[in-house]
Amino acid sequence: MLLNSQKPASLGFESLKFDHTRKLHSHPSRILGSWSVFYRTQKPNGAPNPIWCQSRVCRARGEHLITKVWSNVRNNSTVVETRVNDKNFERIYVQGGLNAKPLVVERIDKDENTGRGEESVVGSEAENINYENLEVSVGREESESEKEAWRLLKDAIVTYCGSPVGTLATNDPGDKQPLNYDQVFIRDFVPSALAFLLKGEGEIVRNFLLHTLQLQSWEKTVDCYSPGQGLMPASFKVRSVPLDENKTEEVLDPDFGESAIGRVAPVDSGLWWIILLRAYGKITGDYALQERVDVQTGIKLILNLCLSDGFDMFPSLLVTDGSCMIDRRMGIHGHPLEIQALFYSALRSSREMLAADDGAKNWVRAINNRLSALSFHIREYYWLDMKKVNEIYRYKTEEYSTDATNKFNIYPEQIPHWLMDWIPEKGGYMIGNLQPAHMDFRFFTLGNLWSIISSLGTPKQNKSVLKLIESKWDDLMGHMPLKICYPALEYEEWRIITGSDPKNTPWSYHNGGSWPTLLWQFTLACIKMGRTDLATKAVNLAEKRLKLDRWPEYYDTRNGKFIGKQSRLYQTWTIAGFLTSKMLLENPETASRLFWDEDYDLLEICVCALSNSGRKKCSRGAARSQILV
Ligand code: GLC
């Protein structure tokens, strides 16, 4: 598909070619409005476009900034007819055509709706946000660690045209080679966002959601190839571009993986964006944001990417290696649990947020079907406890039939030695990945925690995961919560699976390192399951060292004793994760708005093609009875 975005508003879309999954029609202006003051331009080298802050009084940082934005931009809408599993979805109206997606950001206190066309103003200045005076959530004196953490979090705020829009991944003045750690990462910003929201500060989160929405891909280009719309970038940077007469201009420059080390695809970004959008509404009560037309379109584009058909046979999402928090080669390509758990959470979030309009019925049906199939798949095939290990140990192989016991043809020889010793008598967990003849038995923390938070696991499984974490405390918590995965890949496995990655050596970084940012998600899972004792223990453990160690990104060694070999210091999501954990523990009622209970209606849904064809009885019924006990 050939796209040129030099001229955003007046392209003739008639000339655009169609591809197999999306039909693009030229479409007359639906609602008239002035063109956005923000739009994306094509970089000369063809890389994805930064957003320019135009027709504004927007100078270098620190100067007085006022930005005017016209909020109603509907000219040159393009209709994207979405196709999800052959169900007829509503048409998605793409603002400004394919490659120009106008930004609409208003003040947080403004009554807004993009469909109404009022003029509005961007920009309370970052300096105007008085983070110091925000109330302490429980009315107690904050600890020294908390005070420092708040100061550091505030210092990490990134502004764009005068408004706070995110936080730097790392803000270490001593770091001479920040690589891309001086950018705002979508996934890294989530704990920052929650810390701000729990402190009563919503503007930065709202700005972040709207600006990243604006960056959402309409024409991602990597090596002359343009995959689907809807992808959210991994990160973005606010760049200052020189203009004439010693003036500079700020632009938002997204990275969709085309600059990232290893060119990894940020599959999790869109899922996090949806999850955060829901959290923003739940905590601030500002549901108008998610009701906006442009925001609704953003949700649907992400869903569209996730729900469209591919060659895959499973309801889980098929992704490449390094497409989430573990963003380099670690043998997690295929159907990694982390992506499935975030996908499930994003689907549940979307179902709550999609406006009840004409097209909503089809979306909700598709979401429900996928939720149902996905939870069945994960609960049945990813769950591992002592009983299941014993079952696999005795598996017959090479079974050809629809009712095979060993459906994925797993050879018992695959069961690693460490697992036979490690699996406790009580408790269990979701395995890391499942593919034909392949089970990744490693324990991946983020995926397991989000299975609990989103109720992807059954209530019993969720309880059992925390039981396992408790009984394996030294392995998973050690000196610093929490291990990103357990155990590490060593020797030949490390060589073959990581490609001899010197950053991912055994018990370092992604390969069995300990990541304090995982603490807030552990806390949330514990609150949900009534195990705040475990969360408190972990938070206290972290608090003893984080400030002293200068808020490292990760820790190394088998039990997290040392600051990571190449760990960044003053890592923002470490800082924010700590603050968020503290506040969640003190506000369990607010915390409860961030997780999901079991959806019993989903258990009734079955879209199993086998049962329809009458070839085989669907196993859903049996599974349901197990879940309900
Ligand atoms: C590393 C992490 C990734 C994180 C980024 C910024 O690449 O693997 O998860 O988002 O740093 O902190």
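**Cavities, ligand shell and cysteines**

Five cavities of 30 Å³ or more are found in the structure, which is a predicted model. A helpful way to picture such a search is that rolling a probe the size of a water molecule over the atoms shows where empty space is left. The largest cavity has a volume of about 90 Å³. Its lining includes the aromatic residues Trp-450, Trp-520 and Trp-596, together with Val-190, Leu-194, Ile-275, Leu-276, Ala-279, Leu-524 and Leu-594. Arg-278 also belongs to the lining of this cavity.

Turning to the ligand, the surrounding shell is made up of Ala-169, Tyr-181, Phe-185, Arg-187, Asp-188, Met-325, Asp-327, Tyr-509, His-510, Glu-553, Gln-571 and Trp-573. By class, six of these shell residues are nonpolar, two are polar and four are charged. Three of the shell members place a polar side-chain atom by an oxygen atom of the ligand: Asp-188 at 2.5 Å, Gln-571 at 2.9 Å and Tyr-181 at 3.4 Å. The ligand taken alone exposes 310 Å², and the protein buries 95% of that area.

Finally, a word on the cysteines. Zero disulfides are present in the structure. Cys-306 has a relative accessibility of 11% and therefore counts as buried, the cut-off being under 20%. Cys-485 likewise counts as buried, because its relative accessibility is 0%.

Conventions: Residues numbered from 1 in each chain as written. Predicted model: local features only at pLDDT ≥ 70, side-chain atom pairs only at ≥ 80, totals over all residues. Heavy atoms only, no water. Disulfide = S-S within 2.5 Å. Buried < 20%, exposed > 50% of the residue type's maximum accessible area, 1.4 Å probe, protein only. Near = heavy atom within 4 Å. Polar contact = N/O pair within 3.5 Å; in protein donor to acceptor, adjacent residues only side chain to side chain. Areas by Shrake-Rupley, 256 points an atom, 1.4 Å probe, with all protein chains shown as cover. Nonpolar A, V, L, I, M, F, W, Y, C, P; charged D, E, K, R; others polar. 1 Å grid on protein atoms, 1.4 Å probe; cavity = no way out; pocket = protein on both sides within 12 Å on 5 of 7 lines; lining within 4 Å. Points joined across faces, edges and corners; volume = space filled by probe spheres on them.
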